[in-house]
Amino acid sequence: MGYRCIQCGFTINTLYFQYSPGNIRLMKCENCKAVADEYIECEIMIIVIDIILHKPKAYRHLLYNVINQEAMKFQGLLWKLAVIFLLFDAYRYLILESSKGKLGSSMSYSSLVSMCCKMLIDVCFGNFMFLLTFFFMVKMFLHISISVSRCNDILLGLLISCYSKIFLIAMTVWEFPSSVIFIIELFCLSSNAVALKVMTESSMSRCVWTCFSAYAIKLFFIQAPELILLGKLMQGWSQMPFTLSLKSVFV
């Protein structure tokens, strides 16, 4: 990924010209004639606030001009972010299970093994289906050619835009209802859509539908075992003799 103008996304060679240490001149974009990246002279908190506010300019600054593939160890950063993402997703699963009262010191060994298996399905298989659906939608719905380098760039933007998962740590300090996790996931979805728009220059509505489809497929496959079990229970209940159900009611 090369440097980009944060206003229009046009590729530029350099962001500033340095005359002496601490004395720089910001370069202007050849396309829109505006300053290519005004965030260079801004405080980090201003950038963080603009990212939380979902401003595309802040995302372009972060994804293109700060995290530059040619200027840093790109693959190492990608793997570290992937591991952190999976750990936060596993922690989200544990919070949900704890809210249901399924976690405790009295858990049996079989229950612990069963919970670990479900967590692996939720985290690994769920995110695999999420990425598979996401890149399929990027290819077919956004009409973006997918190469290895392009896939890595989009994946990096996707992982970085999931920064709101860090708010899950606050749930260890303060007691929040489990519905807060839904708000965090919704914030991740909107942030993913903005990052995808910046990376692909597609319309916002298409990016939202792409991310929403990926999250919907992930949720479906996570909940599929429970839905199948519920379906079997309902089927077994419907096949019970009607007289038996009446007897049980009156007795």
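Over residues 180-200 the chain is 100% helix and 0% strand, with the end C-alpha atoms 30 Å apart, whereas residues 154-174 are 52% helix and 0% strand, with the end C-alpha atoms 34 Å apart. Helices here are DSSP runs of H or I with at least four residues and strands are runs of E with at least two, numbered from the N terminus. This is a predicted model, in which local features need pLDDT of at least 70 and side-chain atom pairs count only at pLDDT 80 or more, while totals for chains, interfaces and linings use all residues. Residues are numbered from 1 along each chain as its sequence is written, and side-chain values use heavy atoms, with hydrogens and water left out.

Both stretches come from an unreviewed UniProt entry, whose annotation "transmembrane region" covers residues 77-95, 119-142, 154-174, 180-200 and 207-224. UniProt positions are given in the numbering used here, feature names are shortened, and such annotations may be inferred rather than shown by experiment.

| Annotated stretch | Helix | Strand | Distance between end C-alpha atoms |
|---|---|---|---|
| Residues 154-174 | 52% | 0% | 34 Å |
| Residues 180-200 | 100% | 0% | 30 Å |

The protein chain as a whole has 9 helices and 2 strands, and along the sequence these follow the pattern β-β-α-α-α-α-α-α-α-α-α. Of its 251 residues, 36% are buried, where buried means under 20% relative accessible area, exposed over 50% and partly exposed in between, with a 1.4 Å probe and protein chains only. Taking contact as heavy atoms within 4.5 Å, 63% of the contacts between residues at least 6 apart in sequence join residues at least 24 apart.

The largest nonpolar core, a set of buried Ala, Val, Leu, Ile, Met, Phe, Trp, Tyr and Cys residues joined through side-chain atoms within 4.5 Å, has 38 residues, and those with the most contacts inside it are Tyr59, Phe134, Val138 and Leu196. At least two residues of this core come from each of helix H1 (44-52), helix H2 (56-66), helix H3 (74-99), H4, helix H5 (148-160), helix H7 (179-200) and H8, and H7 supplies the largest share, 8 residues.

In H2, 8 of the 11 residues are buried, so this helix is largely enclosed by the rest of the structure. The buried residues of H2 include Tyr59, Arg60 and His61, and what covers the buried residues of H2 includes H1, H5 and H7. Leaving aside neighbours within four places in sequence, Tyr59 is in contact with residues including Ile51, Ser161, Tyr163 and Val198.

Met119 lies in helix H4 and counts as buried because its relative accessibility is 18%. Apart from residues up to four places away in sequence, Met119 touches Ala90, Tyr93 and Leu94, and its C-alpha is 9.2 Å from that of Asp89, a residue 30 places away in sequence. Asn13, by contrast, lies in the segment before strand E1 (16-20) and is exposed, with a relative accessible area of 75%.

The largest cavity is lined by Phe85, Asn127, Phe130, Lys165, Glu185, Tyr215 and Lys218, and the elements that give two or more residues to its lining are helix H4 (109-140) and helix H8 (204-238). This lining divides into 3 nonpolar, 1 polar and 3 charged residues, where Ala, Val, Leu, Ile, Met, Phe, Trp, Tyr, Cys and Pro count as nonpolar, Asp, Glu, Lys and Arg as charged, and the others, Gly among them, as polar. A cavity is a set of points on a 1 Å grid over the protein atoms alone where a 1.4 Å probe fits but cannot get out, and lining residues have an atom within 4 Å of a point.

Terms used: On a 1 Å grid over the protein atoms alone, a cavity is a set of points where a 1.4 Å probe fits but cannot get out, and a pocket is an open set with protein on both sides within 12 Å along at least five of seven lines; lining residues have an atom within 4 Å of a point.
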